[in-house]
Amino acid sequence: MLSRAACPALRAGAVALRPATASTSLASQSANYATLREIEGRLKSIRNIEKITKTMKIVASTKLTRAQRAMTSSRSYGETSNTVFQEAETKPLDGEGKKSLLIVCSSDKGLCGGIHSGLTRRVRKMLNEGEVKGDIDLVIAGEKCKAQLGRSNAKQIVLSFQGVGKDVPTFSDASAIADQVTLLPTEYSSIKILYNKFINAQSYEATIIEAFSEEAIKESANFSSFEIDDSVLGNLREYALANSLFWALAEGHACEQSARRNAMDNASKNAGEMISKFQILYNRTRQAVITGELVEIITGAAASEDQ
């Protein structure tokens, strides 16, 4: 049994404990409110990202239609040149001691899946496994593949082009690239063009076109049947190279727009899933905060009735 002197001290201790409990509950409430604000901020940012990806998907779908029309018209250029070389039975020369040239057709823009990485992997595979005999020089159209190959094969890059992929490629763009390639001081025994071949709206494949040298065209088995003067042989070779480049750039542009549309579609779906998860988390956290506040109100009311 407690003495009368001890009772006031015990009451004072009980009163002193109550503010500490109240401060602890206030700290937990502020932590919950901070968590709610963080979740709400993330929800807002994810919704903004979803709007951007949906808009980019619509833009890519519109550009894909134009790119497919340009690709269809460019195929007539490339296929015509291939038909001429097939009938002339043109073959690449062995060219012992001479270098080979590989022209990689990519673009400057990203956010289109692994379309540029696929070209880079194919180039590295060709260099490491010796698919092309002798030393290889690289000409790269587009900053994406240049940045990737520049880390491992910078010494082999002899020429590069910027501004590729901003709009639908034209024959003038391909002719400008062909002019610069023909001005290179090295004589190449073989010239190959690596590009992404458009299969359908969901798939593409890294493919190689053979662009023959002037000497290879001259030594074709049926070259004499075309009755071409030797004086215009250089012009024929440059024109055929421009045709093949135009075909490769147009196909690559269509593949890029298709890959970007698919990438933005997947990004929009992922954003939608994240919004659903964060919305559920937000609702549960908010309900927990409300329940905690109700419990504190009821507990305080019960405590005041007991006094």
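Colleague: What makes you call Ala174, Ser175, Ile177, Ala178 and Val181 of helix 4 buried?

Modeller: This is a predicted model, and the cut-off for buried is under 20% relative accessible area. Ala174, Ser175, Ile177, Ala178 and Val181 in helix 4 are buried by that rule.

Colleague: Why do you say that the buried residues line one face of helix 4?

Modeller: Looking down the axis of helix 4, you find its buried residues within an arc of 165°, so they line one face. The cover over them includes strand 1, strand 2, strand 3 and helix 6.

Colleague: How do you know that the span of helix 4 agrees with its number of residues?

Modeller: Helix 4 has 12 residues, and at 1.5 Å a residue these should span 16 Å. Its end C-alpha atoms are 16 Å apart, which agrees.

Colleague: Now to the sheet. Why are strand 3 and strand 5 said to stand at the edges?

Modeller: The sheet is open, with five strands in the order 3-2-1-4-5. Strand 3 (157-161) and strand 5 (203-211) each have a single partner strand, so one side of each is left without a neighbour in the sheet. On average, neighbouring strands here are turned by 20° against each other, direction ignored.

Colleague: What makes the pairing in this sheet mixed?

Modeller: Both senses occur. Strand 2 (residues 136-141) pairs with strand 3 in the parallel sense over four bridges, and Ile140 has Ser160 in strand 3 as its bridge partner. Strand 1 and strand 4 are also paired in the parallel sense, over six bridges; there Ser100 stands opposite Ser190 in strand 4. Strand 4 and strand 5, however, pair in the antiparallel sense over nine bridges. Asn196, for instance, has Ala206 in strand 5 as its bridge partner. Two bridges are enough to count as pairing, so the nine between strand 4 and strand 5 meet that rule.

Colleague: What joins strand 4 to strand 5?

Modeller: A hairpin does, through two residues.

Colleague: Why is strand 4 described as mostly covered?

Modeller: Of its 13 residues, 10 are buried. As for helices on the sheet, helix 6 (residues 233-306) lies across strand 1, strand 4 and strand 5, running at about 30° to strand 4.

Colleague: Which residues have the most contacts inside the largest nonpolar core?

Modeller: They are Leu101, Ile103, Val139, Val181, Ile193, Leu241 and Leu245, in a core of 26 residues. Helix 6 gives the most to this core, seven residues.

Colleague: Which residues does Leu245 touch, leaving aside those up to four places away in sequence?

Modeller: Leu245 touches Ile103, Cys105, Ala174, Ile177, Ala178 and Ile193. Another core lies apart from the largest one; it has 14 residues, among them Leu119, Leu149, Ile157 and Ala206.

Colleague: Last one: why is Lys218 called partly exposed?

Modeller: Lys218 has a relative accessible area of 48%. Buried would need under 20% and exposed over 50%, so 48% falls in between and Lys218 is partly exposed. Lys218 sits in helix 5 (residues 214-218). Not counting residues up to four places away in sequence, Lys218 touches Phe223, Asp230 and Leu233. The C-alpha atoms of Lys218 and Ala88 are separated by 9.8 Å, though these residues are 130 apart along the chain.

Note on methods: Residues numbered from 1 in each chain as written. Predicted model: local features only at pLDDT ≥ 70, side-chain atom pairs only at ≥ 80, totals over all residues. Heavy atoms only, no water. Axes fitted to C-alpha atoms, helices over the stretch in contact; angles between N-to-C directions. Contact = heavy atoms within 4.5 Å. Core = buried A, V, L, I, M, F, W, Y, C linked by side-chain atoms within 4.5 Å. Buried < 20%, exposed > 50% of the residue type's maximum accessible area, 1.4 Å probe, protein only. Expected span 1.5 Å × (residues − 1). Arc of directions from axis to C-beta.
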